[in-house]
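Visitor: Could you walk me through this one, a question at a time?
Guide: Sure, pull up a chair and have a look.

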Amino acid sequence: MFPYFDAMTIKKSVIHNKSKGCYEGFVNMGQNIVSDEDDTVATEALIFMLSGLQSHWKYPIISYVLIDKINADDLFCLINSALQLALENNLKVRTVTCDGTSTNFKAMKLLGCKIGDSLDKIDGSFSFPGYDYELL
């Protein structure tokens, strides 16, 4: 199986959730805390999924994170969380897949991948405690 992540644009809006008694639609990196100091409205939803290598199933492991242009350091922390979740549940992860945005490349470099100026200089392997991974 392999985890992959991708962000999708969402409508920028803030709504009042009557059942929870709070406003929703702000950037939320998973702490479920919206502080008065950071009232940035989210513009994207980032999702982390597991998918089978030889079968056709997908399962969200970090359902979604509300973001507004995530930076590589925060993305690196979220990738580590996703890998840790898989490891804690005895799931064999073979690869990590993402698209080629500059933030994704920077996060992969933080994981230890070597991404050069040309295709023949790319080494997408990196280590995580308990596994060795390859970037696809």
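Visitor: Let's begin with F5: is F5 buried or exposed?
Guide: F5 has 4% relative accessibility. Buried means under 20% relative accessible area, exposed over 50%, and partly exposed in between, with a 1.4 Å probe and protein chains only. So F5 counts as buried.

Visitor: Before we go on, what kind of model is this?
Guide: It's a predicted model, where local features need pLDDT of at least 70, side-chain atom pairs count only at pLDDT 80 or more, and totals for chains, interfaces and linings use all residues. Residues are numbered from 1 along each chain as its sequence is written, and side-chain values use heavy atoms, with hydrogens and water left out.

Visitor: Which strand holds F5, and what does F5 touch?
Guide: Helices (H or I, at least four residues) and strands (E, at least two) are DSSP runs, numbered from the N terminus; F5 sits in strand β1. Contact means heavy atoms within 4.5 Å. Not counting residues up to four places away in sequence, F5 touches L46, I47, F48, L75, I79, V96, T97, C98, N104 and M108.

Visitor: How is the protein chain built, read along the sequence?
Guide: The protein chain has 2 helices and 8 strands. Of its 136 residues, 35% count as buried. Read along the sequence, the pattern is β-β-β-β-β-α-β-α-β-β.

Visitor: What share of contacts between residues at least 6 apart joins residues at least 24 apart?
Guide: F5 and I62 give a feel for such spacing: they are 57 residues apart along the chain, with C-alpha atoms separated by 9.5 Å. That pair is given by C-alpha separation, while contact means heavy atoms within 4.5 Å. For contacts in the protein chain between residues at least 6 apart in sequence, the share joining residues at least 24 apart is 61%.

Visitor: Which element gives the most to the largest nonpolar core?
Guide: A nonpolar core is a set of buried Ala, Val, Leu, Ile, Met, Phe, Trp, Tyr and Cys residues joined through side-chain atoms within 4.5 Å. Of the 23 residues in the largest one, F5, L46, F48, L75, I79, L83 and M108 touch the most other members. The elements giving two or more residues to this core are β4, β5 (58-67), α1 (72-88), α2 and β7 (125-128). The one that gives the most, with 6 residues, is α1.

Visitor: And L46, what is L46 in contact with?
Guide: L46 is among the core residues that touch the most other members. Leaving aside neighbours within four places in sequence, L46 is in contact with F5, D6, A7, S63, Y64, V65, I67, I70, L75 and L78.

Visitor: Which element gives the most to the lining of the second largest pocket?
Guide: On a 1 Å grid over the protein atoms alone, a pocket is an open set of points where a 1.4 Å probe fits, with protein on both sides within 12 Å along at least five of seven lines; lining residues have an atom within 4 Å of a point. This pocket is lined by 13 residues, with A7, E44, I70, T101 and N104 nearest its centre. β1 (2-9), β4 (44-51) and α2 (102-111) each supply at least two lining residues. The most, 3 residues, comes from β1.

Visitor: What does T103 touch?
Guide: T103 is in helix α2 and, at 22% relative accessibility, counts as partly exposed. The C-alpha atoms of T103 and D73 are separated by 9.0 Å, though the two are 30 residues apart along the chain. Not counting residues up to four places away in sequence, T103 touches I70, N71, A72 and L75.

Visitor: Where is D99, and what is D99 in contact with?
Guide: D99 is in the loop between β6 and α2, and at 37% relative accessibility D99 is partly exposed. Leaving aside neighbours within four places in sequence, D99 is in contact with D6 and N104.

Visitor: What is the phi of K69, and what is the phi of N90?
Guide: K69 is in the loop between β5 and α1 and is exposed, with a relative accessible area of 62%. N90 lies in the loop between α1 and β6 (95-96) and, at 70% relative accessibility, counts as exposed. Each phi is a positive value in a residue other than glycine: for K69 near 60°, and for N90 near 55°.
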